[in-house]
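Me: Could you take a close look at one part of this model for me, the small open sheet, and then carry on to the salt bridges? I'd like one connected walk-through rather than a list.

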Amino acid sequence: MKAYWVQGTEKIQVSIIPVTIPLSNPERGVLFYKASIGQDTFVFPSEWGRQGFGFDHRSEQGLFLAYTSEGIWRIDPTTMAAEKITADTYQGKSMAEVREDLKTRLGDHLAWIDSVAISPDGKTVVYRTNRDTNVLGYTSVWKVDLDTTEENQLITPTLWNDIVGFLSNDCAVVGSLENTRMVVVSSGKITALDFPELPNFDIKGVGDGKAVFSSYANDDSDSFMYVSQVNEATGTVTELTHMTGYFGGTPVFSPAGDKIAMGYGTDPKRYQSTGILPCQIFSA
C-alpha cells in the first residue's frame with residue numbers, strides 16, 4: 001500500500017502509518033492507514049475497495065466512517081480511535097433478540113445497518129434497516145445526527161427504500177429502481193421524483209442537485225446513461241445530457257459538481273472478457 005500527494009504533474013510519496021482498529025470483533029482488528037499532508041490527516045483501509053466492511057468519508061471535514069451490518073464507527077484521524085455512533089438496541093431489545101424475533105416472525109435475516117450514506121457537509125448519515133418492520137422485504141430509513149449521534153427514523157418501512165445518496169446537504173434520494181423520491185432530512189418531507197418512463201430504469205447516483213440514471217432495451221446491448229438536473233422544490237427532473245454505450249461502476253461527482261466520472265466503453269464483449277472498463281469524464 002502506498003499513498004501519494006499530487007499537485008499538477010508533481011507526485012510525492014507520503015509516509016503512511018499502519019493502525020489496527022477493532023470494529024465488530026474487538027479481538028480481531030482491521031488494518032487501516034494514516035497519512036498526513038501539511039495540516040490535513042487522512043484515514044483509509046488497507047484493502048480499500050475490497051475490504052469486508054463499508055468505508056466512506058468526508059475528508060474535508062475530517063470525517064471517516066467504517067460500517068458493518070452491526071453498526072457504524074467514526075474514526076478519529078488524530079488518535080485513530082473508533083467510536084461506535086449507532087445503538088446496539090431497539091425498543092429495549094438487543095441485536096440478538098431482534099434477530100431472533102425477525103427470523104421467527106418473518107423468516108427474514110436481520111440487516112441492522114445497510115446502505116450507509118453521508119451528507120456532503122458531513123453533518124448527517126442515513127442508513128437502511130429492517131429491524132422495525134412487520135412485513136417481509138420491507139425496510140425503513142434512519143438518520144444519525146453526527147453532532148449528537150442521535151438516531152431517528154426518517155422513512156417508515158416499505159418497499160423500494162434502497163438509498164441512492166444525497167442530492168444536497170439536506171436532501172437524500174431513496175428508491176433506485178422504482179418509487180424514487182427525495183426526502184428532506186431535517187424535516188422528513190418526501191417528494192416523488194418525476195423521472196421519465198424508461199425500460200429497465202436504474203438510478204446510479206446523485207450529487208450537487210443532479211441525478212445519473214440508466215436505461216436499456218431488452219434486445220439491445222447498449223445502454224443509455226442520462227444526467228439530469230433535479231428541482232428540489234418540485235421533484236421535476238430535466239435532462240442535461242445523455243450518452244450511449246456500456247457503463248460500469250458508480251458515478252463519481254467532482255467537488256465542484258460540474259463533472260462526473262464513470263466507467264464507459266463501446267464494446268461490452270471486450271469488458272466481459274477483460275474485466276477492464278476505462279474511466280470517462282462527462283461534463284454535467
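Reply: Let's start with the sheet: it is open, has three strands, and runs in the order S3-S4-S5 with antiparallel pairing. Strand S3 covers 16-21 and strand S5 covers 40-45, and these two stand at the edges. Each has a single partner strand, so one side of each is left without a neighbour in the sheet. Going from one strand to the next, the twist averages 30°. Keep in mind that this is a predicted model.

Now for the pairing itself. In general, strands of a sheet pair through backbone hydrogen bonds, and they do it either parallel or antiparallel. Here, S4 takes in residues 30-37 and pairs with S5 in the antiparallel sense, over six bridges. If you want a spot to put your cursor on, try Tyr33, which stands opposite Phe44 in S5.

On to the charged side chains. The structure holds nine salt bridges, and I'll go through some of them. Take Glu151 and Arg131, whose side chains meet in a salt bridge at 3.8 Å, N to O. Glu151 sits in strand S15 (residues 151-158), while Arg131 belongs to the loop between strand S13 (124-129) and strand S14 (139-145), so the pair ties together parts that are 20 residues apart in sequence. How exposed are the two partners? Glu151 has a relative accessible area of 17%, which makes it buried, because the cut-off for buried is under 20%. Arg131 counts as buried too, at 7% relative accessibility.

Then there's Glu83 with Arg74, another salt bridge between side chains, again at 3.8 Å from N to O. Here the surroundings read as follows: Glu83 is partly exposed, with a relative accessible area of 43%. Arg74 is also partly exposed, at 22%; that value is not under 20%, so Arg74 misses the buried class.

Last stop: Lys259 and Asp258. Their side chains meet in a salt bridge at 3.4 Å, N to O. Lys259 counts as partly exposed at 37% relative accessibility, and Asp258 is likewise partly exposed, with a relative accessible area of 37%.

So, if you're clicking through it yourself, begin with the S3-S4-S5 order, hop across from Tyr33 to Phe44, and then move on to the buried Glu151 and its salt-bridge partner Arg131.

Conventions: Residues are numbered from 1 along each chain as its sequence is written. This is a predicted model: local features need pLDDT of at least 70, side-chain atom pairs count only at pLDDT 80 or more; totals for chains, interfaces and linings use all residues. Side-chain values use heavy atoms; hydrogens and water are left out. Two strands pair if DSSP finds at least two bridges between them. Helices (H or I, at least four residues) and strands (E, at least two) are DSSP runs, numbered from the N terminus. Axes are lines fitted to C-alpha atoms, for helices over the stretch in contact, and angles run from 0 to 180 degrees between N-to-C directions. A salt bridge is a side-chain nitrogen of Lys or Arg within 4 Å of a carboxyl oxygen of Asp or Glu. Buried means under 20% relative accessible area, exposed over 50%, partly exposed in between (1.4 Å probe, protein chains only).
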